[in-house]
Amino acid sequence: MKENASKEKLFWKMENESGCPVCSLLMDYEFNLLANIQYDITNDDSLRKQIAMGGGFCDFHFRQFKKIANGKTNIVFLKTIIEVGPYKKENFKINCKICEKVHEYEIAAVQIFTNLLSTVETAAKFEQSNGICFDHLKMANNFIKDVALRTWLGRTHIYQIERMKEDFVYMNGISSFYEIDREKRGLINALIQKLTGRKSGGL
Ligand SMILES: [Zn+2]
Ligand SMILES: [Zn+2]
């Protein structure tokens, strides 16, 4: 897929959304990829066979695929997997094309993220946001050579979580969930994602 991770998109996510901006970019990319793949599987016999040869997708992407493709497409695809028979190979293991592509995109997105931290203005914006998830913190640390920046990122990450305590204490004090404003409620998903990564975000 030609779509590239960009600095502008990542910065936009950081300023306008409450969760991990890298996860958010990945979910957009993943959704488009799934939509294209389900189109190919529905309409192109040879591509369908080729994807079926890999055994389909990992459990996470199969569940997503099942959600966005219609019932007929799911049936045609699973029937093709039975016909082309990748499961007959010894030590059969699914080779998930979506994971492969998403991972390539993820590396590019994390690199762009670490570049964003090198200017004072964007680093300050990042500090004010809820930051990134633990998965992407780990990946980012692999790209950051500057020890001081790595230390700063680690401290900021913890600070961003601790700072939410006030909001959770406030929300806990309100008797009806729906009386809490949307932005504050958004912190529930934001914190779950910060702790667990993008897969808790679903589709
Ligand atoms: Zn993330
Ligand atoms: Zn996968």
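**Note on helices H2, H4 and H6**

1. H2 and H4 lie roughly perpendicular to each other, because their crossing angle of roughly 65 degrees falls in the 65 to 115 range that counts as such. This is a predicted model. H2 covers residues 21-43, and its axis comes within 10 Å of the axis of H4. The crossing of H2 past H4 is right-handed.

2. Which residues bring H2 and H4 together? From H2 come Leu34, Ala35 and Gln38; from H4 come Gln64, Phe65 and Ile68. Four of the residues in this contact are nonpolar and two are polar. None is charged.

3. Ile68 deserves a separate look. It belongs to helix H4, which runs over residues 59-68. Is Ile68 buried or exposed? It counts as partly exposed, because it has 13 C-beta neighbours inside 10 Å, and a residue needs 20 or more to be buried. Arg198 is 130 residues away from Ile68 along the chain, and their C-alpha atoms are separated by 18 Å.

4. Now helix H6, residues 97-116. Its 20 residues should span 28 Å at 1.5 Å a residue. The C-alpha atoms at its ends are 29 Å apart, so the two values agree.

5. H6 has these buried residues: Val102, Tyr105, Glu106, Ala109, Val110, Ile112, Phe113 and Thr114. An α-helix has 3.6 residues a turn, so residues three or four places apart point the same way. What do the buried residues of H6 pack against? Their partners are helix H1 (7-16), H2 and helix H8 (134-143).

Methods:
Residues are numbered from 1 along each chain as its sequence is written. Chains are lettered from A and ligands numbered from 1 in the order in which they are written. This is a predicted model: local features need pLDDT of at least 70, side-chain atom pairs count only at pLDDT 80 or more; totals for chains, interfaces and linings use all residues. Helices (H or I, at least four residues) and strands (E, at least two) are DSSP runs, numbered from the N terminus. A residue is buried if 20 or more other C-beta atoms lie within 10 Å of its own, exposed if 12 or fewer, and partly exposed in between; C-beta atoms are placed from the backbone. Axes are lines fitted to C-alpha atoms, for helices over the stretch in contact, and angles run from 0 to 180 degrees between N-to-C directions. Angles under 35 degrees count as roughly parallel, over 145 as roughly antiparallel, 65 to 115 as roughly perpendicular and the rest as oblique. A crossing is left-handed if the near helix is turned anticlockwise from the far one by less than a right angle, and right-handed if clockwise. Two residues are in contact if their C-beta atoms, placed from the backbone, lie within 7 Å. Ala, Val, Leu, Ile, Met, Phe, Trp, Tyr, Cys and Pro count as nonpolar, Asp, Glu, Lys and Arg as charged, and the others, Gly among them, as polar. The expected span of a helix is 1.5 Å times one less than its number of residues.
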